[in-house]
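Let's take a relaxed walk through this one. Keep the 3D view open and turn it as you read.

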Amino acid sequence: MNVTELVNISIILLLVATGVALLSRRLRVPYVTGLVLAGLPITELLSRRIGLDPSLVLNLFLPILIFEAGINTDVSRLRSTFKPIALLAGPGAVLSSAIIAVLLKFGLGLTWIPALFVAVILANTDTVSMIAVFKEISVPSRLSTIVEGETLFNDAAALVSFNLILQVYSTGSITLLEGIQQLLFIALGGGIVGLVLGYLSIPIFSRLDDPLSSLLLTVAVALGTFQVGQFIGVSGAVAVVVAGLIFGNLGLSSNTSASNRITLLSFWEYASFSVNTFIFLLIGVQINPVMLWKTLPAILLTVFAYQVGRILSIYPLMAVVRWIDRPIPLSWQHLLFLGNIKGSLSMALALSLPNTLPGREYLITLVFGSVLVSLVGQGLSLPWLVKRLKLSKFSEVQQQVEKLQAQLMTGKAAQDELDALLKSGVLPKAVYEEMRSTYQVQIAAAEKTLREFYNRRTGEFDGKSGALSKLDTIRRRLLLAEKGALNEAMRKRILSEEIVRERIQSIDEKLLQLDDD
């Protein structure tokens with residue numbers, strides 16, 4: 001394909017994506033679902049068939065998506081929901097893969113290796129589709145964090161498991177001990193690579209005053225971390241996840257100006273949106289409707305298999321959570337099950353199957369068909385499901401509280417920036433004081449109204465979705481900060497373990513009394 005033809009195809013795809021964006025908003029259809037449906041007839045408009053290049057997805061698109069998710073993930077919130085996330089992304093993914101493999105082996109007559117390949121590919125949940133719905137419909141922030149955290153680490157787990165099965169296929173056999181050792185080496189090695197490169201990039205980033213140079217560094221970190229991980233033989237996906245978390249939570253907060261931070265985050269939001277647009281359009285282009293129709297019964301059985309795997313992993317594991325953490329409401333568990341949408345990584349891994357694998361084209365068709373059914377069926381029903389389960393409780397009181405919080409936060413942020421400008425000599429003292437007093441009036445008004453909200457009696461609030469739940473969110477952050485300080489004091493031998501454990505138990509009891517946020 002020459003450059004001119006590539007440019008023409010890109011123009012067509014961009015115009016189609018623009019049309020999909022307009023129609024999806026008017027018809028209230030999820031954007032990614034609309035892209036896949038629009039991609040199905042595109043092949044007829046093009047002079048030659050195009051499709052997903054697995055190497056391009058894994059080495060360029062995937063690091064961009066994972067890094068963007070990492071820098072926008074709050075580690076403190078991730079830490080507060082770590083237990084359910086770890087259960088879902090670890091044992092949950094393994095259990096789901098095993099169930100899918102068994103059903104496919106005996107339901108479709110596949111041998112173990114092909115069944116395991118498809119199982120690992122379809123045990124992965126696509127984060128883009130879920131978060132797209134959450135942007136349109138407000139859901140509890142803890143639920144959103146669990147979904148984002150699971151899908152973030154699920155991508156890495158899927159790649160690690162896929163490579164492990166690939167090694168078994170290449171070598172012919174592997175012992176359980178060797179498999180566990182290899183799994184730990186790939187996963188932990190990737191984490192170490194991400195830690196090292198993430199921390200090394202922060203001092204360089206803090207010395208760059210130019211936002212464009214800072215932006216180039218983040219691109220190099222995202223793509224370079226993945227390649228370093230792959231070159232060493234560990235998980236590049238895990239490395240990018242860890243590097244993104246470190247950079248987003250430490251790098252962006254280390255003396256970074258507001259304009260630089262906005263420029264960087266805006267770029268990564270645009271990059272992620274552009275990558276997803278092309279991926280989901282190309283998913284539709286890649287799917288052959290005629291081939292899907294011929295294998296429809298097998299595809300439906302495959303969809304049934306991964307849904308059974310999801311059911312038998314979600315509900316038992318979430319029952320375990322209540323023994324080690326705050327319980328997960330049943331309505332949330334329903335969403336975790338029914339929101340099990342497949343996406344771009346599943347397609348890329350399917351295309352990465354070895355050419356020597358028996359029945360490779362058949363397996364690719366099974367995965368493609370399952371992704372299409374998932375994106376269309378579950379993607380279209382997900383917004384309705386969120387409303388049906390009454391997960392979206394954005395009351396009028398809560399809207400007023402968040403508007404006041406926004407007024408308070410913006411005023412404080414502007415004052416901080418003014419302080420920095422005064423200290424650097426950009427603003428004279430008189431101008432600084434005049435501008436600061438203007439923001440102080442805004443802050444004082446917001447604080448007064450918020451204080452009135454928080455001082456009202458419980459009965460005056462709109463249930464769990466009102467101002468009390470917002471106050472509970474703040475209380476939870478304070479209690480988690482107390483736990484962190486106690487653990488640090490015990491680690492440094494400042495306080496005895498007995499005193500710390502007693503105090504932490506008291507804090508845990510208070511946490512359990514708070515409403516879910």
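What follows is a tour of a few spots, from aromatic rings to packed helices.

Before we set off, bear in mind that this is a predicted model. Start with the rings: there are eight aromatic pairs in the structure. Take Phe 117 and Phe 162, whose rings form a tilted pair, with 5.3 Å from centre to centre and 55 degrees between the planes. Along the chain these two are 45 residues apart, and the pair links distant parts of it: Phe 117 belongs to helix 6 (residues 112-122), Phe 162 to helix 8 (residues 141-171). Are they buried or exposed? Phe 117 has 0% relative accessibility, so it counts as buried. Phe 162 counts as buried too, because its relative accessibility is 3%, and the cut-off for buried is under 20%.

Phe 117 also has a pairing with Tyr 169. Here the ring centres are 6.5 Å apart and the planes stand at 70 degrees, so this pair is edge-to-face; planes over 60 degrees apart get that label. Since Phe 117 sits in helix 6 and Tyr 169 in helix 8, the pair ties together parts 52 residues apart in sequence. Tyr 169 is partly exposed, with a relative accessible area of 25%.

Now look for another group of rings. Phe 67, Phe 205, Phe 247, Phe 267 and Trp 268 are linked by ring pairs into a cluster. Rings can have charged company as well: the charged end of Lys 105 sits over the ring of Phe 106, 5.6 Å from its centre. In a similar arrangement, Lys 342 has its charged end over the ring of Tyr 306, at 4.7 Å from the ring's centre.

Back to helix 8, which also holds Glu 150. How accessible is Glu 150? Its relative accessibility is 2%, so Glu 150 counts as buried. What does its side chain meet? There is a polar contact of 2.8 Å between the side chains of Glu 150 and Arg 310. Setting aside neighbours within four places in sequence, the residues in contact with Glu 150 are Ile 85, Leu 88, Ala 89, Thr 125, Arg 310 and Leu 336.

Next, a look at how two helices pack. Such a pair is described by the angle between the axes and the distance between them. For helix 16 (residues 344-351) and helix 17 (residues 360-388), the axes come within 9 Å and cross at roughly 175 degrees. An angle over 145 degrees counts as roughly antiparallel, so that is how helix 16 runs relative to helix 17. On the helix 16 side, the contact is made by Ser 346, Met 347, Ala 350 and Leu 351; helix 17 brings Arg 360, Ile 364, Val 367, Phe 368 and Val 371.

Leu 345 is in helix 16 as well, and at 5% relative accessibility Leu 345 counts as buried. Leaving out neighbours within four places in sequence, Leu 345 is in contact with Leu 58, Leu 62, Asn 124, Asp 155, Ala 158 and Leu 159. One of these, Leu 58, is 287 residues away along the chain, yet the C-alpha atoms of Leu 345 and Leu 58 are separated by 7.9 Å.

Our last stop is helix 2 (residues 31-39). Eight of its nine residues are buried, so helix 2 is largely enclosed by the rest of the structure. The buried ones are Tyr 31, Val 32, Thr 33, Gly 34, Leu 35, Val 36, Ala 38 and Gly 39.

Key. Residues are numbered from 1 along each chain as its sequence is written. This is a predicted model: local features need pLDDT of at least 70, side-chain atom pairs count only at pLDDT 80 or more; totals for chains, interfaces and linings use all residues. Side-chain values use heavy atoms; hydrogens and water are left out. Rings of Phe, Tyr and Trp (its six-membered ring) pair if their centres lie within 6.5 Å; planes under 30 degrees apart count as stacked, over 60 as edge-to-face and the rest as tilted. Helices (H or I, at least four residues) and strands (E, at least two) are DSSP runs, numbered from the N terminus. Buried means under 20% relative accessible area, exposed over 50%, partly exposed in between (1.4 Å probe, protein chains only). A charge sits over a ring if NZ of Lys or CZ of Arg is within 6 Å of the ring centre and within 35 degrees of the ring normal. A polar contact is a pair of N or O atoms within 3.5 Å; within protein, one must be able to donate a hydrogen and the other to accept it, and residues adjacent in sequence count only if both atoms are side-chain atoms. Contact means heavy atoms within 4.5 Å. Axes are lines fitted to C-alpha atoms, for helices over the stretch in contact, and angles run from 0 to 180 degrees between N-to-C directions. Angles under 35 degrees count as roughly parallel, over 145 as roughly antiparallel, 65 to 115 as roughly perpendicular and the rest as oblique.
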